[in-house]
Structure formats: structure tokens, C-alpha cells
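Q: I'd like to zoom in on a single strand and its surroundings. Could you walk me through it slowly?

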Amino acid sequence: MASQYRTPAGVELTDDLVAEVRKDFPILDRTVNDQPLIYLDTGATSQNPLQVLDAERNYYLGANSAVHRGAHTLAVDATDAFEDARRTVAGFLGAAENELVWTSNATEALNLLAYSLGNASDGIGAEAARAFALKPGDEIITTEQEHHANIIPWQILAARTGATLRYVPVTADGLIDYQAAENIVTERTRVLAFTHVSNVAGSMTDVAFMVQLAERVGALTVLDACQSAPHMQVDVKALGVDFAVFSAHKMLAPTGIGALYGRHELLEALPPFLTGGSMITKVTMTEAEWMPAPIKFEAGTQRVSQAVAWAEAVRYLQHLGMDRVHAWEAHLGQLLAEGVSQIPGVRLLGPSVGQPRAGLVSVHVDGVHPHDVGQLLDQQGIAVRVGHHCAQPLHRALGITASTRASAYIYTSTQDVERFIEELAKVRPYFGYTD
Ligand SMILES: Cc1ncc(COP(=O)(O)O)c(C=O)c1O
């Protein structure tokens with residue numbers, strides 16, 4: 001219903017329209033240390049518009065109940081809301097509704113997948129699951145650019161099955177080394193897991209190239225779409241990946257929910273991860289039979305209000321239009337990159353100025369610990385992320401231990417970016433550096 005939105009559909013985002021968008025995000029009106037809040041930490045978690053908060057509240061006010069269980073009216077209403085939400089979110093991502101498994105977040109989605117592959121390797125599941133079994137000599141490939149969530153589950157799967165975990169290295173700029181990837185993906189490769197947008201470098205992966213490498217050798221592809229789906233059109237079918245993971249809280253929705261996309265035939269063949277109530281058709285004292293996917297992967301009482309709220313977040317983004325969201329953020333990303341790279345002693349990580357980048361930059365401030373950078377910025381009301389951003393291998397490859405990241409979204413104005421650059425430029429002089 002367009003009238004619930006302040007911005008007209010189909011127009012380019014500008015600072016004037018961003019000012020309208022911001023009215024849906026009351027938290028952005030608060031002050032921090034007596035300064036207006038400038039929120040540049042969406043890469044960690046986004047803020048929620050009123051429409052999303054209302055959707056969650058209204059669900060509790062009018063339909064709260066356990067789904068897929070009761071025969072009473074509330075239970076039916078809740079189940080309808082839950083499955084409608086699945087259709088909306090799946091549709092937004094280009095998936096069919098039976099191809100989207102609700103999880104707690106992207107981390108759980110990756111763990112679910114790795115654990116299920118491990119279960120298949122242990123002989124759990126029907127005959128079709130045997131095709132997933134990993135063994136010594138097989139290889140799982142991920143990249144040096146990944147968030148720990150796309151590393152550690154694969155380490156555990158490798159340890160569990162005897163398979164070898166290998167990494168596509170990054171270049172000196174922290175970008176995926178595609179040439180190296182060509183040699184690393186071989187007939188031994190069973191899984192190729194990679195991020196769509198780096199949460200540190202801000203670079204965008206050539207998904208088509210990676211998919212083609214995997215297809216050549218029949219390996220499964222796993223896309224970490226945490227930093228892409230909130231900011232650009234992601235169509236899992238068009239991208240051609242086998243699996244993809246998402247976190248709702250990075251795309252205007254509440255915490256507590258994420259999703260695993262899997263091609264339907266793959267989800268059908270995979271054995272479950274968590275087991276218990278709701279995911280079964282029959283249980284005896286010795287064994288159980290499972291529901292079809294995706295319910296097979298959704299054991300226990302589900303996160304219904306979060307699903308409903310996520311669907312509302314998707315509608316909000318659809319109203320703005322993902323192409324426009326992406327164009328605005330790409331513009332802000334370039335402003336950020338240009339601004340920080342002109343500050344003496346500040347090193348821009350990831351793509352250089354003018355190269356494609358998402359709406360985020362990470363920087364290394366020579367001689368100043370990122371926590372000190374973060375504290376000085378916070379004194380000015382500016383919220384950024386400091387530390388290793390759950391990407392220690394990438395930082396190590398870049399020769400640093402931590403960095404400072406500013407990440408933009410639909411509520412970020414060019415003034416926010418300018419204020420950040422202005423205050424970042426004061427950090428080294430504050431610590432006595434004069435170059
Ligand atoms: C690229 C990437 N992958 C995975 C994750 C994990 O997301 P979550 O903590 O919501 O599971 C994040 C979150 O920062 C991320 O940026």
C-alpha cells in the first residue's frame with residue numbers, strides 16, 4: 001500500500017528523499033554525546049523503520065500463536081502470516097517458497113548447511129543424501145575474504161569428514177584473487193563458499209565467474225549474501241548458486257531471523273540439522289520420518305513475528321526499489337572512498353577510488369588503534385564499527401589486525417558522509433601526528 005510510505009516510488013534517491021526516509025526511523029533523531037546521531041554501522045546491523053516495528057507489534061496484537069500446530073483460528077492466522085512472509089521474502093530473493101528455510105541468522109544458516117553435509121557424510125538421511133557425503137581427498141574451498149561465519153563451519157566439516165579446507169587468497173588490496181581461484185578449484189572440490197560483498201573491503205564478487213568454476217567440476221556453491229541482499233537486487237536463480245544465506249537484521253528487519261536458500265532438490269535430499277518438534281511426520285521409539293523441505297529444517301517453535309517483520313522490511317525496500325537503493329549507496333561508497341583516501345595517514349582498504357564498491361569503507365589509520373578512532377568518532381555522535389569485523393584472516397592478509405568501518409544505507413545522507421570524513425581527518429592530529 002503505497003500511501004503508507006513517505007517517498008514516491010520509482011524516483012532516484014537524493015538527500016531530500018533520504019530526509020523523508022529518515023522520518024520512518026525515529027532512532028536517527030536521538031543524540032549521542034550531545035551530538036546528532038550519525039549511524040554508519042549498518043554493516044553490523046541496520047535500523048528498523050516504523051512500518052517494520054508496527055508489523056511485528058500488530059502480529060502480537062492480533063495473531064500471536066504457534067504455527068503449523070494448532071487447529072484454532074489464531075494458530076491458522078499465525079501460520080498464514082508466517083507462510084505469507086516466507087513467500088514475500090523468498091520472492092524478493094528470487095527463490096520459490098519451498099526453497100527458503102528460516103534460521104536465526106546467516107551464521108546459523110551456514111552452520112545448518114555444513115552440519116547437514118556432515119550428517120550426510122555420517123550416513124544420516126535417505127539414499128539421496130549419499131551424494132553429499134564428503135571424505136578424505138575431497139576439498140572444501142572458501143576465500144580469505146570471508147566473515148568467520150563462512151569459515152568456521154567449514155573448518156568443522158573438514159575435521160568431521162577428513163576433507164581438506166582450502167582458501168582462495170586475496171590480492172594486496174584484499175580482493176578475491178580470481179586467477180588463483182581458477183587453480184584452486186579442481187575435480188577434488190565439493191563445496192565452493194564465498195561472499196557476495198565483503199563486509200570489510202566493500203568489494204563485490206564476480207559470482208558468475210565463481211559459479212562457472214564450481215559448475216565445471218560439479219561442486220556446490222554457497223553464497224554469503226549478508227552484505228548484498230540488503231543493498232542490491234539479489235536473485236538466487238539468476239546468480240545460479242546452489243545455496244545462499246541472509247541475515248534479516250542487516251536489511252531493516254529485527255534480529256533473531258535469517259534464512260538459508262537452497263535449490264529445492266538439494267534441500268529435499270539433505271538430512272536435517274536440528275531435530276525435534278514440528279519437523280517430523282512420524283516418530284517411533286527408534287526412528288523418525290521428516291517433513292519435506294523447508295519444514296524439515298525448522299525444528300521447534302518458530303520465530304513468527306520476526307518473519308512477519310522481515311516481510312514488511314522487504315516491502316519497504318521494494319517500494320524504494322533495489323536498483324535505486326544500490327545506486328544511492330554506490331554513490332555514497334564513492335564519496336566515502338574519495339574522502340578517506342585524501343586524509344594523510346589513512347589507508348583505504350579494498351577497491352581503490354572509482355572502482356566498484358558497495359556503500360562501505362574500511363580504513364587503517366596509521367598509528368592509532370581502531371578503538372581509539374571509534375571512541376573519538378563516538379564523541380561526535382558518529383557510530384562506526386571498529387575491530388576485525390569477524391574477518392581476522394582478511395585483516396592478516398592485509399597486514400593489519402583491525403580497521404575502522406563506515407557503512408551506509410538508505411537513511412544515510414551525503415552530510416553524514418561528509419561529517420564522518422571531517423571527524424576522521426581530525427583523529428591523527430589529535431594524537432599528535434602532523435604529516
Ligand atoms: C559478510 C557477512 N557474513 C556473515 C555475517 C553473519 O551475520 P549474522 O551475525 O547475522 O549471522 C555477517 C555479519 O556481520 C557478514 O557481514
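Which strand do five bridges join to S9, and in which sense do the two run?

A: A quick word on the model before the strand itself. This is a predicted model, where local features need pLDDT of at least 70, side-chain atom pairs count only at pLDDT 80 or more, and totals for chains, interfaces and linings use all residues. Residues are numbered from 1 along each chain as its sequence is written.

Okay, to your strand: five bridges join S9 to strand S10 (residues 258-262), and the two run antiparallel. Strands here are DSSP runs of E with at least two residues, numbered from the N terminus, and two of them pair if DSSP finds at least two bridges between them. Within S10, Tyr261 is the bridge partner of Ala244.

S9 also pairs with strand S8 (residues 220-224), this time in the parallel sense over three bridges. Ala244 in S9 shows up again here, as it stands opposite Leu223.

How covered is S9? The strand spans residues 243-247, and five of its five residues are buried, meaning that 20 or more other C-beta atoms, placed from the backbone, lie within 10 Å of a residue's own. In a regular strand the side chains alternate between the two faces of the sheet. In S9, Phe243, Val245 and Ser247 point one way, while Ala244 and Phe246 point the other way.

Ser247 has one more role in this picture: among the 15 residues around the ligand (C-beta atom, placed from the backbone, within 6 Å of it), Ser247 is one of those that come nearest, along with Asn105, Thr107, His147 and Asn199.

Key:
A residue is buried if 20 or more other C-beta atoms lie within 10 Å of its own, exposed if 12 or fewer, and partly exposed in between; C-beta atoms are placed from the backbone. Helices (H or I, at least four residues) and strands (E, at least two) are DSSP runs, numbered from the N terminus.
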